[in-house]
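Work through the exercises below with the sequence and the model open side by side. Try each task before reading its solution.

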Amino acid sequence: IEGVDEEAFSNELMTDKSVNSVIVYSNLAKDFEDQVKSLNAIVLLIIISAGILAFVVLYNLININISERIREIATIKVLGFYDKEVSTYVFREIFILSLLGTLVGLVLGIGLHKVVMLSIEQEDIMFGYSISPLSFLYAFLLTFIFTVLVNLFMTQRLRSIHMVESLKSIE
């Protein structure tokens, strides 16, 4: 009811013996908004943690990949390939694997989202199961931003490979 003091009205209703309880919707809505705000902080923390994890995992995978293929990369350099061509050769594989991993992760994320939403449901509060298409786009873009960043970090490692020493090394 517009223009009515809800607290005073609910207190007046509670004095009536035929009224068992009064729930003020605006108070419920405010409590719900406060809960969602605290959840947003948790979601942001999870996103940042996932980003750091993605960076570390990609960095380690690319580092191992380069270490395992150092003779191959040195041979390509000896054959006269430029640094940009060598980087493209090595990082193309990383981009393809990132694309496949992202697609699989997005599909598995749908199921994980449903499990999380079911586990946080309460008797009084239900959350929706729909995921905005924009969320998929953000996840996809963030994954590739991290992939590009790690590739930029590792480009220096590729440039520092010494051709002769790498080809002399015994496996």
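**Exercise 1.** Classify glutamate 6 as buried, partly exposed or exposed, and find which residues it is in contact with beyond its neighbours within four places in sequence.

Solution. The model is a predicted one.
- Step 1: Glutamate 6 has a relative accessible area of 38%. Buried requires under 20% and exposed over 50%, so glutamate 6 is partly exposed.
- Step 2: Glutamate 6 belongs to helix H1, which covers residues 6-15.
- Step 3: With neighbours within four places set aside, glutamate 6 is in contact with Val24 and Ser26.
- Step 4: Threonine 102 lies 96 residues from glutamate 6 in sequence, and the C-alpha atoms of the two are 50 Å apart.

**Exercise 2.** Determine whether aspartate 124 is buried or exposed, and state where it lies.

Solution.
- Step 1: Aspartate 124 is in the loop between H4 and H5.
- Step 2: Its relative accessible area is 74%. The cut-off for exposed is over 50%, so aspartate 124 counts as exposed.
- Step 3: From aspartate 124 to valine 24 there are 100 residues along the chain, and their C-alpha atoms are separated by 14 Å.

**Exercise 3.** Describe serine 67 and arginine 69 by location and by accessibility.

Solution.
- Step 1: Serine 67 is placed in helix H2, residues 25-68. Arginine 69 is in the loop between H2 and H3.
- Step 2: A relative accessible area of 37% makes serine 67 partly exposed. Arginine 69 has 13% relative accessibility and therefore counts as buried.
- Step 3: Leaving out residues up to four places away in sequence, arginine 69 touches Tyr89 and Glu93.
- Step 4: The C-alpha atoms of serine 67 and leucine 99 are separated by 22 Å, with their positions 32 residues apart along the chain.

**Exercise 4.** Characterise the crossing of H2 and H5 by axis distance and angle, by hand and by residue class.

Solution.
- Step 1: The two axes come within 9 Å and cross at roughly 35°.
- Step 2: The crossing of H2 and H5 is right-handed.
- Step 3: On the H2 side the contact is made by Gly51, Phe55, Leu58, Tyr59, Ile62, Asn63, Ile66 and Ser67. On the H5 side, Phe146, Thr147, Leu149, Val150, Asn151, Phe153, Met154, Arg157 and Leu158 take part.
- Step 4: Sorted by class, this contact of H2 with H5 has 11 nonpolar, 5 polar and 1 charged residues.

**Exercise 5.** Do the equivalent for H3 and H4: which residues make the contact, and how many of them are nonpolar, polar and charged?

Solution.
- Step 1: Helix H3 (residues 70-78) and helix H4 (residues 83-120) have axes that come within 10 Å and cross at roughly 145°.
- Step 2: H3 passes H4 in a right-handed crossing.
- Step 3: H3 supplies Glu72, Ile73, Ile76 and Lys77, while H4 supplies Asp83, Val86, Tyr89 and Val90.
- Step 4: The contact of H3 with H4 has 5 nonpolar, no polar and 3 charged residues.

**Exercise 6.** Find how many aromatic pairs the whole structure has, and describe the pairs that involve phenylalanine 144 with phenylalanine 95 and with phenylalanine 140.

Solution.
- Step 1: A pair of aromatic rings is described by the distance of the centres and the angle of the planes.
- Step 2: The search of the whole structure gives 3 aromatic pairs. One of them joins phenylalanine 95 and phenylalanine 144, with 6.1 Å between centres and 0° between planes, and is stacked.
- Step 3: Phenylalanine 95 lies in helix H4 and phenylalanine 144 in helix H5 (residues 133-159), so this pair ties together parts 49 residues apart in sequence.
- Step 4: Phenylalanine 95 is partly exposed at 32% relative accessibility, whereas phenylalanine 144, at 17%, is buried.
- Step 5: The ring centres of phenylalanine 140 and phenylalanine 144 are 5.0 Å apart with planes at 40°, so that pair is tilted. Both residues lie in helix H5, 4 residues apart, about one turn of the helix.
- Step 6: Phenylalanine 140 is partly exposed, at 28% relative accessible area. Phe95, Phe140 and Phe144 form one aromatic cluster.

**Exercise 7.** Identify which ring the charged end of lysine 114 sits over.

Solution. The ring is that of tyrosine 129, and the charged end of lysine 114 is 5.6 Å from its centre.

Technical notes
Residues are numbered from 1 along each chain as its sequence is written. This is a predicted model: local features need pLDDT of at least 70, side-chain atom pairs count only at pLDDT 80 or more; totals for chains, interfaces and linings use all residues. Side-chain values use heavy atoms; hydrogens and water are left out. Axes are lines fitted to C-alpha atoms, for helices over the stretch in contact, and angles run from 0 to 180 degrees between N-to-C directions. Helices (H or I, at least four residues) and strands (E, at least two) are DSSP runs, numbered from the N terminus. A crossing is left-handed if the near helix is turned anticlockwise from the far one by less than a right angle, and right-handed if clockwise. Contact means heavy atoms within 4.5 Å. Ala, Val, Leu, Ile, Met, Phe, Trp, Tyr, Cys and Pro count as nonpolar, Asp, Glu, Lys and Arg as charged, and the others, Gly among them, as polar. Rings of Phe, Tyr and Trp (its six-membered ring) pair if their centres lie within 6.5 Å; planes under 30 degrees apart count as stacked, over 60 as edge-to-face and the rest as tilted. Buried means under 20% relative accessible area, exposed over 50%, partly exposed in between (1.4 Å probe, protein chains only). A charge sits over a ring if NZ of Lys or CZ of Arg is within 6 Å of the ring centre and within 35 degrees of the ring normal.
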